[in-house]
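These are my notebook entries on one structure. I set down what I looked up, topic by topic.

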There are 2 protein chains.
Amino acid sequence: MNRKVTSLDVALRAGVSQSAVSRVFSGASASKSTQKKVREAAEALGYRPNRLARGLITGRSRIIGLVVAYLDNQFYPDAVERLSNVLQEQGYHILIFTVRGHGEHVEDTFNQLLDYQVDGIIAASVGISDELTDKCAAAGIPVVLFNRGHEGRTLSHVTSNNRAGAAKIAEFLVAGGHTRIGHVSGWMGSTTGVDRALGFAQGLADAGATLVGQEDGMYRRDVAAEMAEKLVVDQGCDALFVGNDHMAFGVMDHLRGTLNLRIPDDVSIVGYDDVSIASWVAYDLTTLRQPTNRMVSATVDTLMGLIERTGDTQHIEIDGPLMIRSSARRPKG
Amino acid sequence: MNRKVTSLDVALRAGVSQSAVSRVFSGASASKSTQKKVREAAEALGYRPNRLARGLITGRSRIIGLVVAYLDNQFYPDAVERLSNVLQEQGYHILIFTVRGHGEHVEDTFNQLLDYQVDGIIAASVGISDELTDKCAAAGIPVVLFNRGHEGRTLSHVTSNNRAGAAKIAEFLVAGGHTRIGHVSGWMGSTTGVDRALGFAQGLADAGATLVGQEDGMYRRDVAAEMAEKLVVDQGCDALFVGNDHMAFGVMDHLRGTLNLRIPDDVSIVGYDDVSIASWVAYDLTTLRQPTNRMVSATVDTLMGLIERTGDTQHIEIDGPLMIRSSARRPKG
DNA sequence: CTGAAAGCGCTTACAG
DNA sequence: CTGAAAGCGCTTACAG
């Protein structure tokens with residue numbers, strides 16, 4: 001294994017100074033002839049600038065820390081892929097940290113992220129404490145929450161319009177003629193879970209209906225299935241809004257497979273996210289689509305604005321459409 | 001935003017030299033009293049060592065580059081999560097690069113990875129050209145292929161035993177009484193696709209059966225569905241081995257949803273991977289389980305051995321069990 | 001054990 | 001435009 005080739009090696013071969021080499025690769029001014037000599041020497045030697053060294057001096061690592069949980073919920077790998085693509089286009093790369101959903105180790109994770117001198121942090125599906133917010137602020141590292149809101153006004157966040165979306169679902173279910181409507185919520189320790197539950201309740205109220213029951217599905221298939229059974233069997237619900245698609249699939253499997261109920265004949269099911277599985281015929285789930293592409297763009301734009309100090313803290317909510325499929329009874333006419 | 005706190009700040013406050021601070025944090029020798037003074041000062045100042053600076057001098061970034069495609073196939077996010085967890089335990093972190101499945105941009109991706117001075121590279125579901133292999137070797141960066149083999153002997157790789165696994169499936173299908181057996185293969189441009197096809201053909205031959213037809217599913221749901229239709233409708237297959245679960249779900253959806261066939265009554269379907277969706281009752285897919293945990297451990301162990309120069313190139317194939325569920329007819333008795 | 005010094009591979013004022 | 005020099009925040013021989 002050969003010694004690493006550095007800018008000095010290139011300089012020697014090209015017959016210019018090391019600074020000249022640096023200038024060529026950092027896009028600073030350099031004459032055509034210097035450019036040419038340097039590029040040829042670099043090519044011959046297989047030289048590429050060391051980004052860590054560059055980062056040390058510029059204070060920009062071009063690394064974005066991404067904290068993510070729930071990778072078994074297809075929404076997240078999909079979002080990670082799109083975030084990665086958009087960030088790569090801008091010359092940034094993702095250092096990924098996986099955590100459990102309910103907030104353990106998040107602090108430790110953030111510390112490690114800061115050690116790596118990331119230029120910014122995207123926290124997907126993870127809540128952030130005030131201390132952590134302060135610490136990042138003190139370190140000058142901008143944070144954007146993806147698919148999670150934040151109580152305070154200090155952190156940027158990008159979500160779909162969870163309240164409006166859930167209200168749309170409520171309206172749809174009532175219009176479908178359902179009278180015993182229940183909600184298997186997302187984890188009520190998350191803003192997303194809370195906002196969807198709030199919006200749903202409000203939507204029902206606006207349509208003159210009431211919620212028969214609500215249980216916390218904890219974003220888990222098994223828990224959601226159990227809660228759905230409680231709502232349907234014990235409380236006689238004939239329609240369920242399930243807080244995300246991932247849980248909704250578990251609910252459908254349990255209702256059909258174990259309880260032998262028909263969907264939507266016996267129970268209507270509506271989810272939230274519109275992950276690609278939702279359109280698979282085995283589920284054909286009616287669900288509110290999260291506008292992932294626009295959420296991703298907004299997240300990256302916000303983060304870049306913060307990093308480059310051209311933008312400010314943003315709280316963005318994007319409306320998504322209801323994807324009407326066959327898992328829930330459709331309104332007549 | 002405060003200026004970054006450095007080891008010098010800590011040294012000043014603790015009344016020791018900057019080297020002493022460094023020693024405390026790098027675990028080199030330091031007296032109890034120095035340790036104490038430094039830790040207190042660091043705590044008070046909120047100091048944490050800059051890993052980039054450390055990496056510059058040690059030549060170890062503690063970053064592992066992970067190149068991955070097909071994130072819509074649940075096998076990969078699952079593997080990424082486990083790789084990330086195991087690596088994190090060892091003090092490494094993952095810089096993630098997403099690429100398309102069929103090998104474009106892989107070269108560019110690797111270059112960027114090298115720019116970041118990664119200590120090693122894991123390529124999941126990505127093939128590597130010989131030039132790329134050489135380049136990484138020249139840079140002294142070890143590469144381990146995950147879930148892909150490699151023609152040459154120079155690259156380490158970890159897979160399940162694709163041939164044995166596929167042979168096991170062939171045996172199972174023949175024992176189930178099927179006589180018209182087809183294969184929707186994984187992309188034949190990948191070693192995984194090829195090995196499974198080879199093993200399947202061999203398994204059939206060993207069981208005294210022959211393959212009715214084989215089509216390339218390209219690891220895509222839609223393509224696989226189309227090829228399955230060809231095999232079943234045009235060639236009268238009554239059993240299909242589909243090269244991975246992700247395609248198998250697409251095939252099942254198409255067969256049941258569009259062609260109105262019953263599984264396994266009309267057609268038996270067997271997949272490969274045993275992603276968690278496979279056990280969902282909507283599919284209940286008979287499939288060969290990839291031993292993901294062991295593959296991940298083997299991958300990380302191999303990579304660590306290479307990085308620390310304590311280990312050698314490895315070619316590891318791990319056997320996985322056939323998970324018998326209801327998507328394929330079971331042998332009698 | 002500990003401090004002063006050199007150096008990792010770059011970027012960036014500063015003169016010329 | 002270009003080179004010499006300082007410096008980013010660390011680690012690590014080298015003396016003491």
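**Entry 1: the contact between the chains**

I first asked how many residues chain A and chain B each bring to the contact. I found 40 residues from chain A and 38 residues from chain B, where two residues are in contact if their C-beta atoms, placed from the backbone, lie within 7 Å. I note that this is a predicted model, in which local features need pLDDT of at least 70, side-chain atom pairs count only at pLDDT 80 or more, and totals for chains, interfaces and linings use all residues. Residues are numbered from 1 along each chain as its sequence is written, and chains are lettered from A and ligands numbered from 1 in the order in which they are written.

I then listed the elements that give two or more residues to the side of chain A that touches chain B: helix 4 (51-58), helix 5 (75-89), strand 2 (93-98), helix 6 (106-115) and helix 11 (245-258) of chain A. Helices (H or I, at least four residues) and strands (E, at least two) are DSSP runs, numbered from the N terminus. Helix 5 of chain A gives the most to this side, with six residues. By class, I recorded 19 nonpolar, 14 polar and seven charged residues on the side of chain A that touches chain B. Here Ala, Val, Leu, Ile, Met, Phe, Trp, Tyr, Cys and Pro count as nonpolar, Asp, Glu, Lys and Arg as charged, and the others, Gly among them, as polar.

**Entry 2: strand pairing and symmetry**

I saw that strand 2 of chain A pairs with strand 2 (residues 93-98) of chain B in the antiparallel sense, over three bridges; two strands pair if DSSP finds at least two bridges between them. Ile94(A) has Ile96(B) as its bridge partner.

Which residue of chain A comes closest to the rotation axis? I found Leu95(A), at 2.2 Å (C-alpha). A turn of 180 degrees and a shift of 0.0 Å along the axis lay chain A on chain B with an RMSD of 0.0 Å. That is the relation of a two-fold axis. The copies are superposed by least squares on the C-alpha atoms of residues with pLDDT of at least 70 in both. I also noted that the copies meet through the same surface, because 95% of the interface residues of chain A are also interface residues in chain B.

**Entry 3: the DNA strands**

I counted 27 residues around DNA strand D, the closest being Ser29(A), Ser31(A), Thr34(A), Ser7(B) and Ser22(B). A residue is near a strand if its C-beta atom, placed from the backbone, lies within 6 Å of it. Helix 2 of chain B gives the most to the surface near DNA strand D, with six residues.

For DNA strand C, I found 27 surrounding residues, with Ser7(A), Ser22(A), Ser29(B), Ser31(B) and Thr34(B) the closest. Helix 2 of chain A gives the most to the surface near DNA strand C, with six residues. That surface has 10 nonpolar, 14 polar and three charged residues.

**Entry 4: the sheet of chain A**

I traced an open sheet of six strands in chain A, in the order 7-6-8-9-10-12, with mixed pairing. Strand 7 (211-216) and strand 12 (322-323) of chain A stand at the edges with a single partner strand each, so one side of each is left without a neighbour in the sheet. Strand 9 (residues 268-273) and strand 10 (residues 286-289) of chain A run parallel and are joined by four bridges. Val270(A) has Thr286(A), in strand 10 of chain A, as its bridge partner.
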